[in-house]
Amino acid sequence: MPTDSPRNDGAPVEPDRFNRARESQAMAVLEDYAEMIGDLMQEFGEARITDIASRMGVTHPTATKAVARLKREGLAVSRPYRGVFLTEEGMTLAERVRARHRTVVDFLIAVGVSSETAEIDAEGMEHFVSDETLKAFEAHLRKS
């Protein structure tokens, strides 16, 4: 069966599935940076590129490029001689990512994963878990 024709069983066609995965990966980077900037703003009142790069384990140019993308997307702003700040939309994104992370961690712990491993695994899963799956995790946790 060609991969670009619709399937009879309602499953997404292959290119759609892979496109969604690539889009999710690109968004995951923005989400990680928004979350980190939010954390730094809470801790220091602002996020400096040097601190972002250090905490993310990337180079200064890599952090600068990611922050530029956040700014283009309207999620962050910077001020002369100051650091980077999240916009209201950026803060909402950071809070949403934090909540997703917490739900995934709590679910993994509830099914027997150690807290250390749950934190590590959730860092990747939080970006790719669907809203449907996340709601199922939340429902399971409420029952527990």
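Which pattern does the protein follow, read along the sequence?

1. The pattern is α-α-α-β-β-α-α-α, built from 6 helices and 2 strands (DSSP runs, H or I of at least four residues for helices and E of at least two for strands, numbered from the N terminus). Bear in mind that this is a predicted model, where local features need pLDDT of at least 70, side-chain atom pairs count only at pLDDT 80 or more, and totals for chains, interfaces and linings use all residues. Residues are numbered from 1 along each chain as its sequence is written, and side-chain values use heavy atoms, with hydrogens and water left out.

2. Have a look at α2 (residues 49-56) and α3 (residues 60-72): their axes come within 9 Å and cross at roughly 110 degrees. Axes here are lines fitted to C-alpha atoms over the stretch in contact, and angles run from 0 to 180 degrees between N-to-C directions. That makes α2 roughly perpendicular to α3 (65 to 115 degrees). On the α2 side, Ile49, Thr50, Ile52 and Ala53 meet His60, Ala63, Thr64 and Val67 of α3 (contact means heavy atoms within 4.5 Å). By class, this contact has 5 nonpolar, 3 polar and no charged residues (Ala, Val, Leu, Ile, Met, Phe, Trp, Tyr, Cys and Pro are nonpolar, Asp, Glu, Lys and Arg charged, the others, Gly among them, polar).

3. As for contacts between residues at least 6 apart in sequence, 52% join residues at least 24 apart.

4. On burial, 33% of the 144 residues are buried (under 20% relative accessible area, 1.4 Å probe, protein chains only).

How values were computed:
Angles under 35 degrees count as roughly parallel, over 145 as roughly antiparallel, 65 to 115 as roughly perpendicular and the rest as oblique. Buried means under 20% relative accessible area, exposed over 50%, partly exposed in between (1.4 Å probe, protein chains only).
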